[in-house]
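Subject: Handing over a structure for you to look at

Hi there,

I'm passing this structure on to you, and I hope you enjoy looking through it. The sequence and coordinates come first, and my notes follow below.

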Amino acid sequence: MDRELKKKAKEKMEKAIEVFKKELGSIRTGRASISLLDNIAVDYYGTQTPLSQVATLSVPESRVIVIQPWEQALIPVIEKAIFQSNLGLNPSNDGKIIRIAIPPLTEERRKQLVKVVRKRAEEARIAIRNIRRDTNEELKKLEKDKHISEDDIKRGLEEIQKFTDTYIKTIDEVLQHKEKEIMEV
């Protein structure tokens, strides 16, 4: 099997897993996590800048995120960005730092979030399967053009299937962990 083709398929599948994990990181659980704020950008001298590049973020307690802006003038800008993020978070400040108390999730909200997480997991599985399909088509094209033998294509298809199974198993494990995290009170 063409080594380059195999390498490319594996890289694409790893990227799909990475994207899936990043998406899950921005889904709120009952626990404080800095990754909740990953998609928040603030207007810093006319440029949209990620929050982590204008402030120090920390989680001193399991239900509190503390944001310490590097410039006090950014406090209202950061609070506005958090309000506009639709995460349902209410920041408060004491003039120097911003605190965000993470309220516990209701049972109904937990169930909604689990549905969202499952949908994202299915999208990630589909992405992996699409990569498998595209790679298999490329392999068959190589065989048709007589660049690889019948044995090589069979071996190649089996290897791509093994990759697919491994990455789908990874998605399922990440999904299980996130569901557990969301449902824990």
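What should the 23 residues of α1 span at 1.5 Å a residue, and how far apart are its end C-alpha atoms? The expected span is 33 Å, and the end C-alpha atoms are 33 Å apart, so the two agree. Before going further, please keep in mind that this is a predicted model.

**The overall picture**

The protein chain has four helices and six strands. Reading from the N terminus, the order of the elements is α-β-β-β-β-α-β-β-α-α. The radius of gyration is 22 Å, well over the 16 Å that the globule rule gives for 185 residues, so the chain is more spread out than a compact globule. Along the principal axes, the C-alpha atoms fill a box of roughly 70 × 40 × 25 Å.

A few totals for the protein chain may help you get your bearings:

- Of the 185 residues, 37% are buried.
- Among contacts with a separation of 6 or more, 64% are between residues 24 or more positions apart.
- The accessible surface is about 11500 Å², and carbon and sulfur atoms account for 49% of that.
- There are 36 positive and 32 negative charges, and their mean positions lie 3 Å apart.

**The helices α1, α3 and α4**

Let me start with helix α3, which covers residues 107-144. Its 38 residues should span 56 Å at 1.5 Å a residue, and the distance of 55 Å between its end C-alpha atoms agrees with that. The buried residues of α3 are R110, L113, V114, V117, A121, A124, R125, I128, I131, T135, N136 and L139. What covers them includes α1 (3-25) and α4 (150-183).

An α-helix has 3.6 residues a turn, so residues three or four places apart point the same way. You may like to keep that in mind while following the buried positions along each helix.

Seen from α1, the buried residues are L5, A9, M13, A16, I17, F20, L24 and G25. They pack against α3 and α4.

T164 is a good place to zoom in. This residue is found in helix α4 and is buried, with a relative accessible area of 1%. Apart from neighbours within four places in sequence, T164 is in contact with M13, I128 and R132. Of these partners, M13 is among the buried residues of α1, and I128 is among those of α3.

**Around L157 and K140**

Is L157 buried, partly exposed or exposed? With 27% relative accessibility, L157 counts as partly exposed. L157 sits in helix α4, and its contacts, leaving aside neighbours within four places in sequence, are N136, L139 and K140. The C-alpha atoms of L157 and R133 are 9.8 Å apart, with their positions 24 residues apart along the chain.

K140, on the other side of that contact, lies in helix α3. It is partly exposed, with a relative accessible area of 47%. Not counting residues up to four places away in sequence, K140 touches I153 and L157. K140 and E150 are 10 residues apart along the chain, and their C-alpha atoms are separated by 9.4 Å.

After α3 comes K146, which has a positive phi, near 65 degrees.

**Two loop residues**

Most residues other than glycine have a negative phi, and most peptide bonds are trans. Where does Y45 lie? Y45 is in the loop between β1 (41-44) and β2 (47-50). Its phi is positive, near 50 degrees, although Y45 is a residue other than glycine. With a relative accessibility of 66%, Y45 counts as exposed.

The other loop residue to visit is N86, found between α2 (75-84) and β5 (91-93). N86 also counts as exposed, at 71% relative accessibility. From N86 to R125 the distance is 27 Å, C-alpha to C-alpha, and the two are 39 residues apart in sequence.

If you want a starting point, I suggest T164, whose contacts include M13 and I128.

Happy exploring, and best wishes!

Definitions and conventions. Residues are numbered from 1 along each chain as its sequence is written. This is a predicted model: local features need pLDDT of at least 70, side-chain atom pairs count only at pLDDT 80 or more; totals for chains, interfaces and linings use all residues. Side-chain values use heavy atoms; hydrogens and water are left out. The radius of gyration is taken over C-alpha atoms; the globule rule is 2.2 Å times the number of residues to the power 0.38. Buried means under 20% relative accessible area, exposed over 50%, partly exposed in between (1.4 Å probe, protein chains only). Contact means heavy atoms within 4.5 Å. Accessible areas come from the Shrake-Rupley method with a 1.4 Å probe; for residues, only the protein chains shown count as cover. Lys and Arg count as positive and Asp and Glu as negative; His and the chain ends are not counted. The place of a charge is taken as NZ of Lys, CZ of Arg, CG of Asp or CD of Glu. The expected span of a helix is 1.5 Å times one less than its number of residues.
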